[in-house]
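Student: I've never looked at this one before. Could you walk me through it?

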Amino acid sequence: MGSAKISLPLYERISLKSSIKNAFDIIILTLLLSILLYRLLSLTNHGFSWVLAFLCELWFTFCWLMIMNIKWSRVRYKTYQDRLLQRVAELPPVDVFVTTADPVLEPPIITINTVLSLLAVDYPAHKLACYVSDDGCSPLILYSLIQASNFAKQWIPFCKKYNIQLRAPFRYFSNRNYSTSSRENSKEFLQEWKLVKDEYEKLRHKIENAAQKPTPCELSGEFEAFADIERRNHPTIIKVIWENKERLSGGLPHLIYISREKHPKHPHHYKAGAMNVLTRVSGLMTNAPYMLNVDCDMHANNPKLFLHAMCFLLNSKGQNDLAFVQFPQIFYDGLKDDPFGNQLVVLFEYMGKGAAGLQGAFYAGTGCFHRRKVIYGASPYDKQTRRPKSTAINENMTGEELVQVFGSSKEFVETAADALKEQPADHAQGIRKSIEAAYQVAGCRYEYGSRWGSKAGWIYGSTSEDIQTGLSIHARGWKSVIYFPEPPAFLGCAPTSGPDSLTQQKRWATGLLEILISKNCPIIHTLFGNLQFRQCLAYLYLLFWGFCSIPELCYAILPAYCLITNSNFLPKLEETACYIPIALFVIFNLYNLQEYIATSQSIKAWWNNQRMGRIISTSAWLFGVIRMILKLLGISETVFEVTQKDQFATDDDNDGVDARAGRFTFDKSPIFVPVTTILLVQLTSLAIGLLGLRPPADGGQGSGPLEIVCSVWLVLCLWPFLKGMIGKGKYGIPLSTMSKSSALALTFVYLCRRSTQMG
C-alpha cells in the first residue's frame, strides 16, 4: 500500500479539448480562406484597395492559424499536496527574488506587502531566503524593509497560528468579506487581530511619512552607503536585514537587500541584469536548487503556492525535463469591466493553457518557479541516450570551463558546479561569510568575459527579457507548465490609466520584435535547436504582435479611403460574396464574446477589450515597430520604461473612489497621434459619404453600405478618443496632439482626392 502511494503522481494533466470550439475555429478559417479566394479570382476587376485588403486578410489568416495551433492544445493541471508531504521527507530550499526599480512609480508600501506575503507562506522558514533587488538604489526601500522585518516577527506567527489565508497585510486588513471561523471570533483572536492591525498601521504611516522626506532617515550606520551617491552611478550595496541563524522552521526567513553597482559607461541590461545579480548573490549565500521571482507588486495570495509548485518540480514522472512552473498574472481590485483591456483573463485562459499543451507555457517574468541549474544554462537529458541534449553547459565541466561561463569568482564557480550537479548547499557558517564575494559578483564589470546574458542566466538583448529567457530554455529542450490554483497564487495591480497601459504595450511590442530579429528567433531554434515546431508557432504569435500594427492600420484606413475615393474593398450587397465578410464579422465576434462569458467576464468587458485591441494595435504596437526601426538604423536605443504602480487605498479611501476611474486619460505623448488621426479620417470620410460629396465611381465599383458600416464600427471602437476631443484637462486630447492629427488627416484626404483625379 505504501509503495502504491509513492508511485502516485503529484499532479495530473487534464485535456480541455472542445469539439464545438474547434468546429467554430474551422468555420472562421474557412471564411477567411473563402474571402482570400474570392479576392484572388476578382483581382483584375478592382484596384489598390482590393490588393491592400487581400494582403491584410492574408496576414489575419496566418495569425488565425497560429492562434488555432495554440488553442487546440489546451490543458489544465491538478496538484496533490497530500501526496507530496507523504513522499518528501524534507522540502527543498527556495530562493525568492523580488525586484523593484523606482520608489516613486513603485511605492515601497507595495513592495513590503509583497515581501511580507512571501515570508509568511506555508513553507519551512529555514528553507526560504528572500532577496530584494532595488534598481533605484533608494534608502527608502532599505528603510521600509527593515521596518517590515520588525513587523514580520508579529505578522508571520499570527498568520500561521490562525491559518490566515490573505497574507499580504493590506489585503487582509482591508478585506471586509474575509471568512471567519469560530476560532477567529474568539476573544483571544480579536485582541491579537487589533494588536497586529495597529502595528501594521504604524508601519504604513512610518513608510508614508519617510517617503515625504528628501531622505527617509539619517544616512549613517546601515544607511551610510547611500550618502553622496547617484541612482545611475553607485557602488554595490548589500545588506543582510535578517538571518535565520537558528534555522527555525517557524521563524523569519533570511531577508537580504541588494542594489547592484551601476556605472554610466557599463550597460546594466535593465531587469535581466538585476535578475542575474540576484542569481549570483543568492548562489553564494544560499544556493537553493529552486528560485521564485516576482515583481514588487505581485503579492502571494495563496499560502500553499510553494507546495503547489513543488508538486510539479519534485514529481518523479517528467521531473528531469520540467524547467519552470509559471503562475498566471491575476490582478486585484481591477477596474470594473476591464476598461483598458489589460487584465489578461482570456489571454491566460486560452492562450496560456494552450501553450501549456505544447512544449510548455511562456515565462511571464513574474510568479515563476525556476530550477537553478536551468537558469545556469543546463540542458535536459535525452530519454533515449540519457545524455544532455546540449553539452555546452553541464555538470561535467572543468574548473576552467566553469570560469569561462560563470566569471572569475572562485567562490561562485564552486557553488555553480554544485547547482549543476543538484548537490545540497552547505551554509552551516551562515550567509554573512559570503558578503565579500557577493560584492564582487554584483559589480558591473563582473560579467565581462563570461556567458552571462547569452548562455547563462536571464538573456540580454530585449526589453521583454522574460519571453527571451523562456524561449532560450525551451530551445534547449526543456518543458514548462502553467498552473491556476484556487485561490490564485499571486495577485498584482494592472495599469489604471490610458497612457500607462499603452506604455506597457509599447514596451512589450518593442521587446518582442527585438527577439524576432535576433539570433534568438524561434525559427532558428527550431531549425538548429530543440524547440518544437508547434511551440515555435506559439512564440511567433507573440513576437508578431508589433508587426500586426501594420495590417491593422492599413485595414483601419481602408473604409475611409474607399468612402473618400468612392471605391470599395468589400463585395457589393447584390453580390452573393457579401455574405462571407458579414458572416465572418458576426461569427468571430460571437465566438470572442463567448470566451469572455465563459471566463465570467461581462459583455462590457468584452467590448472594452475589443476597442482597446484596435487602439493598442494602431498606437502602442505601431510605436514598437518605429522604435525597432530606429534601433536598427542606429538612431536610438530602446529603453525599459517602468509603469506606474498605483498605491492601494485604505478602508477610509475606498469610500471616496473617483467615480471617473476607468475613463481614458491623455497626455502630450505622440503615442496618441495615430489613433486620433484615424478617428478624424473616419469622421471626415463619413461626412463625405453621407453628404454625397464622393467623386464619380470608376466602372460602377463605388463604395457601398458595408464601407459605411466599417467606418462607423471604427468610430465606436475609438469612442474614448471621440470623447477626448471634447474633454477637458487630463480627460481631453491635448491641442498639440489634435493639431498634428488634423494635419495628418487633411494630408490623407488630400492624397486620396489627388489619387482619384490622377486615376
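Student: Where does UniProt place the feature "transmembrane region"?

Tutor: Keep in mind that we're looking at a predicted model. The "transmembrane region" labels come from an unreviewed UniProt entry. That entry puts them at residues 23-41, 47-67, 538-561, 573-591, 612-630, 671-693, 705-722 and 734-752.

Student: How far apart are the end C-alpha atoms of residues 23-41?

Tutor: Check what the chain does there: residues 23-41 are 100% helix and 0% strand. For another of these spans, residues 573-591, the figures are 68% helix and 0% strand, with ends 24 Å apart. For residues 23-41, the end C-alpha atoms are separated by 27 Å.

Student: Now the sheet. Which strands are at its edges?

Tutor: Read the order of this open sheet of 8 strands: β5-β6-β4-β3-β7-β10-β9-β11, with mixed pairing. Going from one strand to the next, the twist averages 20°. An edge strand pairs on one side only, and that picks out β5 (237-242) and β11 (479-482).

Student: Which residue in β4 does Asp-95 stand opposite?

Tutor: Start with the two strands: β3 (residues 94-100) pairs with β4 (residues 128-134) through 7 bridges, in the parallel sense. Across from Asp-95, in β4, you'll find Ala-129.

Student: And helix α9, at about what angle does it run to β3?

Tutor: Two helices are worth comparing with the strands. Helix α6 (residues 139-161) packs on the sheet, touching β3, β4, β5 and β6, and its direction makes about 15° with that of β5. Helix α9 (residues 270-285) lies across β3, β4, β5, β6 and β7, and its angle to β3 is about 145°.

How values were computed. Residues numbered from 1 in each chain as written. Predicted model: local features only at pLDDT ≥ 70, side-chain atom pairs only at ≥ 80, totals over all residues. Heavy atoms only, no water. Pairing = 2+ DSSP bridges. Helix = DSSP H or I, 4+ residues; strand = E, 2+ residues; numbered from the N terminus. Axes fitted to C-alpha atoms, helices over the stretch in contact; angles between N-to-C directions. Contact = heavy atoms within 4.5 Å. UniProt positions renumbered as here; feature names shortened; annotations may be inferred.
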